[in-house]
Amino acid sequence: MRTGVWLVGARGSVATTSIVGALALRARLAEPAGCVTELPDLRGPALPAFADLVLGGHDVVATPLAKRAEALAAAGVLPGRLVDALAGELAGVEAALRTAPTGATQAERAAAVTRDLTDFRRRHALDRVVVVNVSATEPVPAAHPAHHDLAALRDALAGPAEVLPASSLYAYAAFTAGCPYVDFTPSTGARLPALAALADEHDLPYAGHDGKTGETLVKSVLAPMFAMRHLAVRSWSGVNLLGGGDGANLADPAANAAKVASKQRVLGETLGYLPQGDTRIDHVAELGDFKTSWDLVTFAGFLGTRMRMEFTWHGCDSALAAPLVLDLARLTAAAHAAGRRGPLTELAFFFKDPLDTSTHALAEQWVLLREFVAGLHAGAR
């Protein structure tokens, strides 16, 4: 099943790491560590092989992909030997990347994206293309009446106003081109009624939001533990220090607020209440593509005895995110092939703020994912 993976933000750290990783796996130069679709419980005939993935994408910057990969290797994110060994393959992907379209109206820009997607699918003889948003986090957009009605949205996009944020405009273009859409960011993406209607019109699945790679991943394991042991969490505070482009983007207060809201939701929906405390995200340029978080949890046990727990998470954001991007592309492509439409709630395992579900406990999400993939494989045999 030849599957295109079209990355929005294709020259960013996460996309570049995903591209190098996919090429390395295809060439058998690396092991699939971090790719959950390669676990025995999930591996099977419904998923496109790494060798079947064809990579392309859009970005607003023009830094050559090879230069971006070399910079990530110098920063300790990618093995330099892989970047050198895959120089020819990276040049091939470079040829499939496009500058994000411009135009007088959002309708013109969406039409240009749709043309690029259609051309990509035709040129590479692809069975389907999955669009994955790994671009910078956006602020929450202002409400607009057209967000709730597809016909009104089509009319509004032809006017001079910026009706949709970029993530949602890409969802609109993807659905128009017949492509499933995955939002790995906390941006709005396809989470608008008009876009849900468009996906339904084209019988397309979609997934999101906000890939779960660090502190929130740990929360999704620990919060159910406190709930199941009937321990009252009094407070949960976290400080996140991020470098790189993601950290710089989150220095913007509006984008920061959107990210924090996504990270905090797991506690309220898992515990059944929201304890005191908050999550703070600070940009520390010196950290580069790495991130560190410190969390302090205070809780009460039998007879009100006060206790506390602390943990530190230090990881490389791109190395944690990239295998999940590949997983999501493979799973969404398989869901599309199986005739699934609408939000893929079973992919909540991958997200901080998953679509149309309040299930945040990682163990419960794993059961749903495993059952979902088993059904895909059964249908593919």
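Biologist: Happy to look at this with you! How many disulfides does a search of the whole structure find?

Modeller: This is a predicted model, and the whole structure was searched for disulfides. A disulfide needs two cysteine sulfur atoms within 2.5 Å. C35 is in none, as the nearest cysteine sulfur, that of C316, is 14 Å away. The disulfide count is zero.

Biologist: Good to know before I reach for a reducing agent. Is C316 buried or exposed?

Modeller: C316 takes part in no disulfide, and its nearest cysteine sulfur belongs to C35, 14 Å away. The cut-off for a buried residue is under 20% relative accessible area. C316 has 10% relative accessibility, so this cysteine counts as buried.

Biologist: Now the backbone. Which peptide bond is cis, with omega near 0 degrees?

Modeller: Most peptide bonds are trans, so a cis one is worth a look. Here H209, on one side of the bond, is placed in the loop between β6 (205-208) and α9 (215-228). The cis bond runs from G208 to H209.

Biologist: And phi angles: where is L303 found?

Modeller: Most residues other than glycine have a negative phi. L303 has a positive one, near 65 degrees. L303 also counts as exposed because its relative accessible area is 77%. Its place is the loop between β9 (290-300) and β10 (306-316).

Biologist: H230 caught my eye too. Is H230 buried or exposed?

Modeller: H230 sits in the loop between α9 and β7 (232-242), and its phi is positive, near 55 degrees. The cut-off for an exposed residue is over 50% relative accessible area. With 75% relative accessibility, H230 is therefore exposed.

Biologist: On to the aromatics. What kind of pair do the rings of W6 and F120 make?

Modeller: This is one of seven aromatic pairs. W6 belongs to strand β1 (residues 3-8) and F120 to helix α5 (residues 106-123), so the pair links distant parts of the chain, 114 residues apart. The ring centres are 4.9 Å apart, and because the planes meet at 65 degrees, the pair is edge-to-face.

Biologist: How about F349 and W366: what is the angle between the planes?

Modeller: F349 lies in the loop between β11 (342-343) and α13 (362-380), while W366 is in helix α13, 17 residues apart. Both F349 and W366 are buried. Their rings form a tilted pair, 5.5 Å centre to centre, with an angle of 55 degrees.

Biologist: Which helix gives the largest share of the largest nonpolar core?

Modeller: That core has 58 residues, and L7, L347, F350 and L369 touch the most other members. L347, for one, touches residues including L328, L331 and F372. The largest share of the core, 10 residues, comes from helix α12 (residues 317-337).

Biologist: And how many residues are in the second, separate core?

Modeller: Among its members are A110, F120, L126 and A156. F120 is buried, with a relative accessible area of 0%. This second core has 38 residues.

Biologist: Let's turn to charges. What is the N to O distance in the salt bridge of E162 and R109?

Modeller: The search of the whole structure finds 17 salt bridges. In this one, E162 is in the loop between α6 (150-157) and α7 (166-176), and R109 is in helix α5, 53 residues apart. E162 counts as exposed at 53% relative accessibility, whereas R109 counts as buried at 16%. The distance is 2.8 Å.

Biologist: Which residue forms a salt bridge with D210?

Modeller: D210 is in the loop between β6 and α9, and its partner, 142 residues apart, is in the loop between β11 and α13. D210 is buried at 1% relative accessibility, and the partner is buried with a relative accessible area of 4%. The closest N and O atoms are 3.4 Å apart, and the partner is K352.

Biologist: One last one! Which residue's ring face does R330 lie over?

Modeller: R330 belongs to a network in which salt bridges with shared partners join E38, R43 and R330. R330 also lies 4.3 Å from a ring centre, over the face of F50.

Methods
Residues are numbered from 1 along each chain as its sequence is written. This is a predicted model: local features need pLDDT of at least 70, side-chain atom pairs count only at pLDDT 80 or more; totals for chains, interfaces and linings use all residues. Side-chain values use heavy atoms; hydrogens and water are left out. Buried means under 20% relative accessible area, exposed over 50%, partly exposed in between (1.4 Å probe, protein chains only). Helices (H or I, at least four residues) and strands (E, at least two) are DSSP runs, numbered from the N terminus. Rings of Phe, Tyr and Trp (its six-membered ring) pair if their centres lie within 6.5 Å; planes under 30 degrees apart count as stacked, over 60 as edge-to-face and the rest as tilted. A charge sits over a ring if NZ of Lys or CZ of Arg is within 6 Å of the ring centre and within 35 degrees of the ring normal. A nonpolar core is a set of buried Ala, Val, Leu, Ile, Met, Phe, Trp, Tyr and Cys residues joined through side-chain atoms within 4.5 Å. Contact means heavy atoms within 4.5 Å. A salt bridge is a side-chain nitrogen of Lys or Arg within 4 Å of a carboxyl oxygen of Asp or Glu. Lists of a residue's contacts leave out its neighbours within four places in sequence.
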